[in-house]
Amino acid sequence: MYFLKRLTKSDTIFNKTELDQGKLWKKIGRKGQGRGQFDMPCGVTTTKSGDVIIADTENHRVQIFNFDGVFKSKFGSKGSKPSQLCYPMGVAVTSSEDVVVTDSVNAAIKLFSIDGTLKMCFTQQAAVEFPHGICVTIDDHIIFTDICKHSVTVLQPNGTISHIFGKYGDGPQEFDHPYCVTTNSSNQIIVSDTGNNCVKIFHFQGRLLRCFTSLDFHLPSENFVSLFGVCTDSDDNTLVVCNSGVYILTKNGRLWEVLTSDDGLTTPKCIAFSQGRLIVTQSGYDVKHEVCIYRYNKDDFKSLNTLLYYAISI
């Protein structure tokens, strides 16, 4: 068992030469059980002040860092009690800065105060089996994906079910392991339909608005696979983790390459946007267990663009 220890500079910042190159600003963490260390980090979100919140999945906890990547606090321990966690996958923040967590193995959606006090636990067996991705709308509806039910569930702010949509399949209203979900300022719901290799955008009530696949961008099929984390930026463009990189899917249907393996990505999982930065979790067995923070400058889009094709609206 690892002992908790004070973070050193080497735990939070890799060598300065690496950071001065390109868009990478900072790396946080390494494999371990101490504070500021990770074991398969997955979901990521931020508070209004820029604090970074991470689902530290195989340590069965949530960790919180300040804007500069310095460890602040943590909560959670492995177990099946309401206040405990068992493989938390996704995290999101409400308008009052409570933290919502998908407690996957416990088949629950849990709402904690920022200090880790449990405030709500949603466990309806008919509605949740293995929750994964999660987000919160501007009016505090909670939206989560279920990768075993192949569905998206929307909860009202008080924790009751608003509606559920989706089932297994490859049709427009169907999913095959929808891992992650986000929302934009119009309360549209954006899902990475991972098994179907596409990004789907829905009206809040679940009516499909658009679907993007490799065919829409005239790409080889192997270039638009392993879709995982999704988020939106301040202009409501969608950012999606794809293979070992990050693409931006703009509102007019263009697909641009934002981050690649040249920027230090090997096994990216989830992504968040905050105050001109992209925060990306990386995890894989016997490889990196870390959080990468990148500068996000929209003026760089054209110079980064290697894929300039137009998607087709449905």
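In this predicted model, strands β15 (residues 189-193) and β16 run antiparallel and are joined by five bridges. A helpful landmark in this pairing is V191, which stands opposite K200 in β16. The two strands form a hairpin with four residues between them, and N197 in the turn has a positive phi of about 55 degrees.

Strand β16 (residues 198-202) also has a partner in strand β17 (residues 208-212), with which it pairs in the antiparallel sense over four bridges. Here the bridge partner of I201 is R210 in β17. These two strands form a hairpin as well, with five residues between them. In its turn, G206 has a positive phi of about 110 degrees. As for its surroundings, β16 is mostly covered, since five of its five residues are buried. The cover extends to both faces: C198, K200 and F202 lie buried on one side, and V199 and I201 on the other.

Earlier in the chain, strand β4 (residues 61-65) can be read in a similar step-by-step way. How many of the five residues of β4 are buried? Five of the five are, so the strand is largely enclosed by the rest of the structure. One side carries the buried residues R61, Q63 and F65, while V62 and I64 are buried on the other, so that both faces are covered.

Strand β3 (residues 52-56) runs antiparallel to β4, and five bridges join the two. Within this pair, I53 stands opposite I64 of β4. Four residues separate β3 from β4 in the hairpin that they form, and H60 in the turn has a positive phi of about 55 degrees. Strand β5 (residues 71-75) pairs with β4 over four bridges, again in the antiparallel sense. F71 in β5 is the bridge partner of F65. The hairpin of β4 and β5 has five residues between its strands, and in the turn G69 has a positive phi of about 85 degrees.

Pairing also builds a sheet elsewhere. In general, strands of a sheet pair through backbone hydrogen bonds, either parallel or antiparallel. Four strands form an open sheet with antiparallel pairing, in the order β1-β24-β23-β22. Its edge strands, each pairing on one side only, are β1 (24-28) and β22 (268-274). Neighbouring strands of this sheet are turned by 20 degrees against each other on average, direction ignored. Four bridges link β1 to strand β24 (residues 289-295) in the antiparallel sense, and I28 has V291 in β24 as its bridge partner.

Attention now turns to the largest pocket, which has a volume of about 960 Å³. It is lined by 41 residues, of which T45, T46, V136, T182 and F273 are the closest to its centre. Strands β2 (41-46), β6 (88-93), β10 (131-136), β14 (178-183), β18 (230-232) and β22 each supply at least two residues of this lining. The lining comprises 17 nonpolar, 19 polar and five charged residues.

A final stop is H141, found in the loop between β10 and β11 (142-146). Is H141 buried or exposed? Its relative accessible area is 14%, and because the cut-off for buried is under 20%, H141 counts as buried. Leaving aside residues up to four places away in sequence, H141 touches C135, V136, V154, L155, Q156, P157 and F204. With Q156, the C-alpha atoms are 4.9 Å apart in space, although H141 and Q156 are 15 residues apart in sequence.

Note on methods. Residues are numbered from 1 along each chain as its sequence is written. This is a predicted model: local features need pLDDT of at least 70, side-chain atom pairs count only at pLDDT 80 or more; totals for chains, interfaces and linings use all residues. Side-chain values use heavy atoms; hydrogens and water are left out. Two strands pair if DSSP finds at least two bridges between them. Axes are lines fitted to C-alpha atoms, for helices over the stretch in contact, and angles run from 0 to 180 degrees between N-to-C directions. Buried means under 20% relative accessible area, exposed over 50%, partly exposed in between (1.4 Å probe, protein chains only). On a 1 Å grid over the protein atoms alone, a cavity is a set of points where a 1.4 Å probe fits but cannot get out, and a pocket is an open set with protein on both sides within 12 Å along at least five of seven lines; lining residues have an atom within 4 Å of a point. Grid points are joined across faces, edges and corners, and a volume is the space filled by probe spheres set on the points. Ala, Val, Leu, Ile, Met, Phe, Trp, Tyr, Cys and Pro count as nonpolar, Asp, Glu, Lys and Arg as charged, and the others, Gly among them, as polar. Contact means heavy atoms within 4.5 Å.
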